[in-house]
Structures are given as structure tokens and as C-alpha cells.
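Me: Can you walk me through this one? I'd like to go over the cavity, the salt bridges and a helix.

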Amino acid sequence: MSNSETNSGSVQSVDRAVTILEVIARTGLAGVTDIAAELEVHKSTASRIVATLEARGLVEQDQHRGKYRLGLGILRLAGATTARLDIVQEARPIAKLLAERTGETINIAVLSDGAALYLDQVAGTASVQSHNWVGQRIPLHATSNGKVLLSGLSEAGIRRTLEEKLPTYTPHTVTSLPRLLDQIAEVVEAGHSVVIDELEVGLTAVSAPIRNAHGDVIASISASGPSFRFTGDKVEAARDLLMGAAADVSARFGWRQR
């Protein structure tokens, strides 16, 4: 079988799986026979796809009727999406103001599968801007956002998240786990992180944590710019603005600084 045929079959399976979820969402409960009829496929084909969805928690079988309904996995996915949209919605007005006041690029990031996932970005007013990070997954150990996100975890949680893999990106990248743990402890104490030239030579960033009502770190907000310009007093001023902005966004999620 050629790669194009394999890819075509994979796409068809994905399309059928999505259709099954849509059918169940529309009807509330659906049996394999009904699903097969909707897809216009053999019952065994529908059964295999439903079994895969069930294994991932996206559908579950009603024990009394033998039909399927949407599973808790769907709720988890929807909840994660809603939470991320809420962070962007609440942080964006403050991020825009920060971009105007600092002149640098402002990013919002969350922890996602061992990386910092960048959700939103607001360009600064300065002439030289960093590239668009939105939708990208960035190493935790080599970025200020990443170190802030790690600061919300226990040491055991940090070790599990990183899996002790700390690749080198520049000569300044921290690749020693003990040293990184010391840095994260400093982030916890200081309430911010500054990283210079660790992911890219010539890139400086400062970040602060966004917290929920329980004080958990749910996101990080950062200002970043070229190292030749974003230095000294500018970094310190941005740090103070970021910490205030992060507290403002956190307050919108019910957090109160003690």
C-alpha cells in the first residue's frame, strides 16, 4: 500500500470518528447499528472506531441500553479549551497595555505536555520584534515562561515533567537539573523569571505567574525583546510591570495576594 493510500485511509478514519462524536452529540445515545447506518459502513467498521473512542474515554457505553454516549474525555478536552480561552480573554487587555508601556512583545503561555504552549501574543511598539510564538510549544528549561510554569510544580512534578531531558540551545542554556531546580526555587521566591540568551542568542525575556483562586500557577505572562535593546533598567521596569499585570489577571481568576 502506498503512503498516499495509507494517509487517505487515516484521514477517512479520523473523519468517521468525528462524525460518530457528532452523531452521539446530536442524539444523546446511539447504538453501533445506528452509527454504521449514519456512516454508511459495515457494522464491524463502526464497532472498531467506537471501541477506539471508548478506549480514549471520548465515548462510554450505557450499561442498560447498550448504546453509547459522550464520555468524560470530551468534558476534559472541552474544559481545557475553555480554561485556555478564559486565560486569553482575561489577559489580553492587560497584555495590550503592557506591550504599549514596555514597547516589547507580550506572550501568554501555559504548561502543556512537558512544554510551554504559547496561547497569545501582543506585539510591542519597538521597531525590532520577535517572531510569532502563538501555537508553538517551547522548551520549559530554556525560557522565562517555562521556568515560571515549572515554579508551580513540586520538585517531583518538575522531574516528571522534564524527564531529565535538558537539550542545549545556546551556550547559555541551563542543562544541569540541580542548577535548574535552584533557579526555579529563586523564581518561587522572587515571583518572576529573567532569561537571557538561553533559547536563542540575542533574546531576553522576563515573566511572571498568573494564578487561580487557589494560588496555583495556571499560566505565565512575559515580555521579550532583543538582548541588545532589552537590558538593565528596561528589564527591571518590565519586571515590575509584569508582576503587577500578572497579579491583576490573577485577581480576575479569584486570586488574592497575601
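**The cavity and its lining**

Reply: Sure. Keep in mind that this is a predicted model. The lining of the largest cavity draws at least two residues from each of α5, β7 and β8 (217–226).

Me: Which of those gives the largest share of the lining?
Reply: That's β7, with three residues.

Me: How much space lies in the largest cavity?
Reply: About 140 Å³. Its lining counts 17 residues, and Tyr118, Thr143, Leu199, Leu203 and Ala205 are the closest to the centre.

Me: How many cavities of 30 Å³ or more does a search of the whole structure find?
Reply: Just one.

Me: And what's the lining like by class?
Reply: Seven nonpolar residues, seven polar and three charged.

Me: OK, salt bridges now. How many in the whole structure?
Reply: The search turns up eight. One of them pairs Glu198 with Lys147, 3.0 Å from N to O.

Me: Where do those two sit in the chain?
Reply: They link distant parts of it, 51 residues apart. Glu198 is in the loop between β6 (193–196) and β7 (203–211), while Lys147 belongs to helix α5 (residues 144–150).

Me: Are Glu198 and Lys147 buried or exposed?
Reply: Both are buried.

Me: What about the bridge between Arg159 and Glu155, where do they lie?
Reply: Both are in helix α6 (residues 155–162), four residues apart, or about one turn of the helix. Their side chains meet at 3.1 Å, N to O.

Me: Why would residues four places apart point the same way?
Reply: An α-helix has 3.6 residues a turn, so residues three or four places apart point the same way.

Me: Why does Arg159 count as partly exposed?
Reply: Because its relative accessibility is 33%, and partly exposed covers the range between under 20% (buried) and over 50% (exposed). Glu155 is partly exposed too, at 47%.

Me: What does Glu60 meet in a salt bridge?
Reply: The side chain of Arg69, at 3.0 Å from N to O. Glu60 is partly exposed at 28% relative accessibility, and Arg69 is partly exposed at 33%.

Me: Switching to α8. How far does that helix reach?
Reply: α8 covers residues 232–252, which is 21 residues, and spans 31 Å from first C-alpha to last. That's close to the expected 30 Å.

Me: Which residues in α8 are buried?
Reply: Among them are Val235, Ala238, Leu242 and Val249.

Me: And what follows α8?
Reply: Gly254 does, with a positive phi near 95 degrees.

Terms used:
Residues are numbered from 1 along each chain as its sequence is written. This is a predicted model: local features need pLDDT of at least 70, side-chain atom pairs count only at pLDDT 80 or more; totals for chains, interfaces and linings use all residues. Side-chain values use heavy atoms; hydrogens and water are left out. The expected span of a helix is 1.5 Å times one less than its number of residues. Buried means under 20% relative accessible area, exposed over 50%, partly exposed in between (1.4 Å probe, protein chains only). A salt bridge is a side-chain nitrogen of Lys or Arg within 4 Å of a carboxyl oxygen of Asp or Glu. On a 1 Å grid over the protein atoms alone, a cavity is a set of points where a 1.4 Å probe fits but cannot get out, and a pocket is an open set with protein on both sides within 12 Å along at least five of seven lines; lining residues have an atom within 4 Å of a point. Grid points are joined across faces, edges and corners, and a volume is the space filled by probe spheres set on the points. Ala, Val, Leu, Ile, Met, Phe, Trp, Tyr, Cys and Pro count as nonpolar, Asp, Glu, Lys and Arg as charged, and the others, Gly among them, as polar.
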